[in-house]
Amino acid sequence: MNTSDTAPATMPVVRLIPKAEARAIRHGYPWVYANELVTDRRTRNLTPGTIAQLEDASRTPMGVVAVTPASKIICRMLDQNPDAVIDQAWFNARLTRALAHRDRLYDAPFYRLVHAEADGLPGVVIDRFGDTAVVQPNAAWADALITPLVAALQDVTGVTTVIMNGTGRARTLEGLEEKTEVIVGEAPTGPIPVPMNGATYMADVMGGQKTGLFFDQRPNHAFAAGLAKDARVLDVFSHVGGFGLAALAGGAQSALAVDGSAPALELAAQGAAAMGATDRFETRKGDAFDVLATLAEEDARFDVVVCDPPAFAPTRNAAEAGLRAYERVARLAAPLVTEGGYLVLCSCSHAADITKFRNASARGIGRAGRRGQIIYTGFAGPDHPQMPHLAESGYLKVIVFRL
């Protein structure tokens, strides 16, 4: 990409309306909403992902933004330097900073390398699996600049395979097409083994959910595994075996993984086999709510029960219905926990804050006729940093009850 393509002299200019909260943006808030920007015909006609200079209402430059005219988030702040050039060198600097943090955290190259706005790359997620990286360009600007982004990624990390996973709700909101393709290198011939907390997970980076594995639960897997020695463990919404395999690594007597996806359960079984734990691991395919009810009818009991569902409240409009679903999960799961056992409840819904999620979980436990004490509250691991100005970056909550 030529630097002249985005040189300040040729950049379009977009401007805040007088009532917009310019101070919040100057202090680090990364988004400008459509009702905060002057949207004249020129601005509305900008190509999605256009790099522009943002000015306040008095025409003072505030930084460089990416503009998506049809999106509710019309501008994403890329750099508070109004003269910044968004080229490969710029990507190199952002990725170098992100890598330095992960290198300090982990002794093996399996982690989230870029967590969107919190790592200075709005809408961009990059997960690393050894020599393979999976990039999710969930914003139009990153989709348009995928070539310099990937070149910088190779330069900084040395990965030999880069896969673009262009699927999900965020891309739809940006008006981007869904596609998954290998940009550099060759597609893996099978799932990639990922070591984490003493367990082995199998990541399907080409056809799995999201990037193929969820790194965000790593510290919470570890805490739950610490409760699991000699325990019977139930892992509901298990995906590729997240909590269940960690529990086996922690010395669990047995683990039962429940999920609606047969491919995910097969990957979980492969992970258990790679750990030499097949004899302690079982799977059950089915709707989680139905399986929880069936297990209660079977008088099944477990020392540790984990429920890690998908986002029941992905938006504010869905928050109340989502909280009712979390309450239902707790109500159905609590009876399966032995006296003195542990119930691990998770939410990845940013629209359901920690207080509301905790209250919904406690209501569900109470409606099941159980009482519990909270012994642990967890969040996403440190390779998923939170941006203090953006509540959405703190989406994951985990609460462990002793019943």
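Select strand S5 (73-79) and helix H3 first: each of the two supplies at least two residues of the lining of the second largest pocket. The model is predicted, and the stops below follow this pocket, then two helix pairs, then a single residue.

**The second largest pocket**

Within the lining, S5 gives the most, with three residues. To find the middle of the pocket, select Leu78, Arg94, Glu117, Gly120 and Met387, which lie nearest its centre among the 16 lining residues. The volume of this pocket is about 290 Å³. Colour the lining by residue class and eight residues come up as nonpolar, three as polar and five as charged.

**H3 against H5**

Keep H3 (residues 88-105) selected and add helix H5 (residues 146-157). The two axes come within 8 Å of each other and cross at roughly 45°. H3 and H5 are therefore oblique to each other, and their crossing is right-handed. On the H3 side, show Gln88, Phe91, Asn92, Leu95, Thr96 and Leu99, the residues that make the contact. Their counterparts on H5 are Pro148, Leu149, Ala151, Ala152, Leu153, Asp155, Val156 and Thr157. Sorted by class, the contact of H3 with H5 has nine nonpolar residues, four polar and one charged.

**H11 against H12**

Next, select helix H11 (residues 319-333) together with helix H12 (residues 354-367). Here the axes cross at roughly 40° and come within 7 Å. That angle makes H11 oblique to H12. Viewed as a crossing, H11 passes H12 in a right-handed sense. Which residues of H11 meet H12? Display Leu323, Tyr326, Glu327, Ala330 and Arg331 in H11. On H12 they meet Lys356, Phe357, Ala360, Ser361, Arg363, Gly364, Ile365 and Arg367. The contact of H11 with H12 divides into six nonpolar residues, two polar and five charged.

**Arg44**

The last selection is Arg44, in helix H2 (residues 41-44). What does Arg44 contact, leaving aside its neighbours within four places in sequence? Show Thr39 and Pro69: with those neighbours set aside, Arg44 is in contact with both. Then add Val32, which is 12 residues from Arg44 along the chain. A line drawn between the C-alpha atoms of Arg44 and Val32 spans 15 Å.

Notes: Residues are numbered from 1 along each chain as its sequence is written. This is a predicted model: local features need pLDDT of at least 70, side-chain atom pairs count only at pLDDT 80 or more; totals for chains, interfaces and linings use all residues. Side-chain values use heavy atoms; hydrogens and water are left out. Axes are lines fitted to C-alpha atoms, for helices over the stretch in contact, and angles run from 0 to 180 degrees between N-to-C directions. Helices (H or I, at least four residues) and strands (E, at least two) are DSSP runs, numbered from the N terminus. Angles under 35 degrees count as roughly parallel, over 145 as roughly antiparallel, 65 to 115 as roughly perpendicular and the rest as oblique. A crossing is left-handed if the near helix is turned anticlockwise from the far one by less than a right angle, and right-handed if clockwise. Contact means heavy atoms within 4.5 Å. Ala, Val, Leu, Ile, Met, Phe, Trp, Tyr, Cys and Pro count as nonpolar, Asp, Glu, Lys and Arg as charged, and the others, Gly among them, as polar. On a 1 Å grid over the protein atoms alone, a cavity is a set of points where a 1.4 Å probe fits but cannot get out, and a pocket is an open set with protein on both sides within 12 Å along at least five of seven lines; lining residues have an atom within 4 Å of a point. Grid points are joined across faces, edges and corners, and a volume is the space filled by probe spheres set on the points.
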